[in-house]
Amino acid sequence: MSKRKKKNRHIGRKILFGIEIVVLILLVGVLFAYTQLNKKMDKLDFKDDTSKEGEKIQVEMNESVSGSEVLSGYTNVALFGINENNSDTIIIASINNDTKEIRMASLYRDTYMRVDEDEYGNGIYNKCNSAYLRGGPVAAVSMLNTNLDLDIQNYVTVDFAALIKAVDCLGGLDVDITFEELRHINNYCVNTSEVTGVDYTPIEEPPIPEDQTKIIGTYHLDGIQVTSYCRIRYTASMDMGRTERQRYILNLMAEKAKKAKLSTLNKVVDKVFPMVETNFSKSELIKLGSGLLSYKLTENTGFPLDYIMGKEITEPVTGLDCLIPTTLATNVKYLHEFLFDDKDYIPSETVFTRSEFMANKTGFGNSSVPEDSQYLIVDPSGSQQEPGETDLENQESYE
């Protein structure tokens, strides 16, 4: 069933996938294992992002973003959760350098964006998670920077196997589940096992209840079962339900990590670090980890805030079953308001160009922006626009 998403922008905030708590657990492990830091750090897969010719591969960013006074007050990190080389989880973690507050935004993997360019310099538009598959983490970070007006230089990549190990090191989780979720967990375990090479044990099914959507009990789940639970999207609540499950697991992991012994945290470090890839240097991670106790994890959101979805709507205009931001420019303005408290932010010319190209291609422009978000509609000069107005025409020639 197709859906044209309209909602209050605050209701639209999403809690993110369990990968960010894995990263935070890693930093906790670094902090507590500080006396053995160099030994622990050696387990990480450090990348210097150099080409075969030995030259540094540069992360792309929009020219107007370079030297931004607002962005200079934040440390932004891209967190990727990988499944068969697609970044099915993409999270922007933004650390306020003064207050140590951390805000996170999860980029929905099916979001329609410019992910690359062809040999003639024309933009290639696809689901955003395909950028990682096309060019690895540097290409994925560049996709984030150029589509969202960000300045991200560092990334951390963790795959499904790392989440499984982290949960298992914590001793598993006690999860309240419904009958339909139980069945989906068993089904997802098959693919999760194939992808990670980790064996699994199916959960024994009780008699089918009259209402399969009600909680049937608390089950102690291991890492592969928890990961499969987080991947469920084929219930009536679709991605909204998956988001709720991910928030639930995130909270369970956080609570269990807080109570864990030092030996357990060290075990997480020993088992999970080898599965983590990053272009942070040792010294940068030491600095980041040493300040962990002063960090405050605050609000989270999903991106895009407003979008059009439904295969029968999006496939005819994009060739994909995807999410079409309505519009890219208004969503980018909201993102900067959320992450950096920049209510006066005006997107760059690059973002406006891509936004208008997508609007012209799909037919979903300013007139598709929900009423609650129409205050975000501005032109490149910063003037408020009417929902039906456009700024640029025939943008395909630009892209």
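Me: Which residue forms a salt bridge with Asp-110?
Reply: This is a predicted model, where local features need pLDDT of at least 70, side-chain atom pairs count only at pLDDT 80 or more, and totals for chains, interfaces and linings use all residues. Residues are numbered from 1 along each chain as its sequence is written, and side-chain values use heavy atoms, with hydrogens and water left out. A salt bridge puts a side-chain nitrogen of Lys or Arg within 4 Å of a carboxyl oxygen of Asp or Glu. For Asp-110, the closest N and O atoms are 3.7 Å apart, and the partner is Lys-127.

Me: Is Asp-110 buried or exposed?
Reply: Buried means under 20% relative accessible area, exposed over 50%, and partly exposed in between (1.4 Å probe, protein chains only). Asp-110 has 14% relative accessibility, so Asp-110 counts as buried.

Me: Which residue forms a salt bridge with Arg-103?
Reply: Arg-103 is buried, at a relative accessible area of 14%. The partner is partly exposed, at 32%. N and O are 3.8 Å apart in this pair, and the partner of Arg-103 is Glu-299.

Me: Which side chain of opposite charge is nearest to Asp-342?
Reply: Lys and Arg count as positive, Asp and Glu as negative; His and the chain ends are not counted. Asp-342 is buried yet has no salt bridge. At 6.9 Å, the nearest side chain of opposite charge is Lys-333.

Me: Where does helix 3 bend?
Reply: Helices (H or I, at least four residues) and strands (E, at least two) are DSSP runs, numbered from the N terminus. A bend is the angle between axes fitted to the seven residues ending at a residue and the seven starting there. Helix 3 bends by about 135 degrees, with Pro-137 following within four residues, at Gly-136.
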